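Here is a short tour of a model for anyone who likes to see how a fold is put together. Take a moment to turn the structure around before reading on.

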2 protein chains.
Amino acid sequence: MDPRAAELLGRPIIGQLGFHGLDGYPHVLPVWFEYRDDELLIASPPAAYKGRAMAKDGRAALSVSTVERPYHIVSVVGDATVERLSEAERIEFVTAIAARYLGPEGGRQYVQAWIRGGHPGDGELIRLRPLKINFYLS
Amino acid sequence: MDPRAAELLGRPIIGQLGFHGLDGYPHVLPVWFEYRDDELLIASPPAAYKGRAMAKDGRAALSVSTVERPYHIVSVVGDATVERLSEAERIEFVTAIAARYLGPEGGRQYVQAWIRGGHPGDGELIRLRPLKINFYLS
């Protein structure tokens with residue numbers, strides 16, 4: 001893999017997740033993600049649309065791009081699975097990813113609003129295993 | 001349509017184009033686009049991957065999101081066609097969209113580098129007609 005792709009996937013830029021929708025159309029949604037051990041990890045509330053669609057068809061894509069020219073772009077295609085995330089694991093994952101995207105203070109405020117008195121319930125983890133990772137400048 | 005969706009689609013934010021790839025996987029690519037007369041218009045070099053894929057299967061999606069919380073997000077699903085764009089139409093389209101995304105001076109410099117002595121050749125226009133437009137905050 002191009003080292004610039006790994007570097008870009010490591011930055012807290014919103015990922016654009018593509019998947020086959022339940023209506024047969026491609027869908028694209030912005031997501032927070034973590035790139036860890038060569039996988040892209042995305043948390044989701046239980047039974048959300050993207051989780052239901054990807055449980056049915058795990059073929060997926062994720063794109064990341066900078067906002068200034070020359071645009072640095074990573075485009076990933078791969079296979080995703082949707083796993084149960086226990087409440088404890090979910091809290092741990094969301095706490096880490098919120099801090100990553102929003103900084104320590106912003107992350108803390110986010111989790112406080114999200115956690116609903118400490119019991120957000122179980123969630124889901126979308127685990128995307130890349131088959132192809134392309135890096136390019138545009 | 002939610003007026004906030006129309007407002008967001010009118011801003012020069014990179015669009016994230018989703019389509020069914022020739023490999024059967026969803027693909028996501030960042031694109032410049034123009035929202036005009038209820039359609040999303042995207043220019044493409046001739047026979048580029050996205051144009052070939054969308055000519056075969058026009059089902060498509062486009063997502064736009066702001067980079068700061070609360071994220072304002074528009075998610076579009078629709079049907080796309082791929083049309084020939086004559087050199088003159090292509091120059092006009094690219095000149096306008098480059099100025100829209102990069103400003104007058106940045107757009108001018110972009111077109112000067114892109115136009116290759118005045119003859120970039122014919123191109124393609126991807127015309128996406130929305131079936132569903134969702135606006136949400138996240």
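Let us begin with a turn in chain B. This is a predicted model, and in the hairpin of S1(B) and S2(B), where five residues sit between the strands, Gly24(B) adopts a positive phi near 85 degrees. The two arms of that hairpin, strand S1 (residues 15-20) and strand S2 (residues 26-31) of chain B, pair in the antiparallel sense over six bridges.

Gly18(B) is a handy residue to follow from here. Its bridge partner in S2(B) is Val28(B), and its bridge partner in S5(B) is Ala61(B). S1(B) and S5(B) also pair in the antiparallel sense, over four bridges.

**The sheet of chain B**

The hairpin belongs to an open sheet of seven strands with antiparallel pairing, in the order S2-S1-S5-S6-S7-S4-S3 (chain B). S2 and strand S3 (34-36) of chain B are the edges; each has a single partner strand, so one side of each is left without a neighbour in the sheet. On average, and with direction ignored, neighbouring strands of this sheet are turned by 30 degrees against each other. In general, strands of a sheet pair through backbone hydrogen bonds, either parallel or antiparallel.

Helices come next. The table shows how two helices of each chain are set against a strand.

| Helix | Residues | Strand used for the angle | Angle |
|---|---|---|---|
| H2 of chain B | residues 49-56 | S1(B) | about 50 degrees |
| H3 of chain B | residues 87-114 | S4(B) | about 110 degrees |
| H2 of chain A | residues 49-56 | S1(A) | about 50 degrees |
| H3 of chain A | residues 87-114 | S4(A) | about 110 degrees |

Helix H2 of chain B packs on the sheet, touching S1, S2, S4, S5, S6 and S7 of chain B. Helix H3 of chain B lies across S3, S4, S6 and S7 of chain B.

**Chain A as a whole**

Chain A has three helices and seven strands, and along the sequence its pattern reads α-β-β-β-β-α-β-β-α-β. Within its sheet, strand S5 (residues 59-65) and strand S6 (residues 72-85) of chain A run antiparallel and are joined by seven bridges. One residue pair to look for there is Ser63(A) with its bridge partner in S6(A), Ser75(A).

How does the overall size look? A compact globule of 138 residues would have a radius of gyration near 14 Å, and the 15 Å of chain A agrees with that. The C-alpha trace of chain A spans about 45 × 35 × 25 Å along its principal axes. Of the 138 residues in chain A, 34% count as buried. Among contacts in chain A between residues at least 6 apart in sequence, 70% join residues at least 24 apart.

**How the two chains meet**

Which symmetry relates chain B to chain A? A turn of 180 degrees with a shift of 0.0 Å along the axis lays chain B on chain A with an RMSD of 0.0 Å. That is the relation of a two-fold axis. The same surface serves both copies, as 100% of the contact residues of chain B recur in chain A.

The contact takes 25 residues from chain B and 25 residues from chain A. On the side of chain B that touches chain A, S1, S2, S5 and S6 of chain B each supply at least two residues. The largest share of that side, six residues, comes from S5(B). By class, the side of chain B that touches chain A has 15 nonpolar, eight polar and two charged residues.

Key: Residues numbered from 1 in each chain as written. Chains lettered and ligands numbered in written order. Predicted model: local features only at pLDDT ≥ 70, side-chain atom pairs only at ≥ 80, totals over all residues. Pairing = 2+ DSSP bridges. Least-squares fit on C-alpha atoms with pLDDT ≥ 70 in both. Contact = placed C-beta atoms within 7 Å. Rg over C-alpha atoms; globule rule 2.2 N^0.38 Å. Buried ≥ 20, exposed ≤ 12 C-beta atoms within 10 Å, placed from the backbone. Axes fitted to C-alpha atoms, helices over the stretch in contact; angles between N-to-C directions. Nonpolar A, V, L, I, M, F, W, Y, C, P; charged D, E, K, R; others polar.
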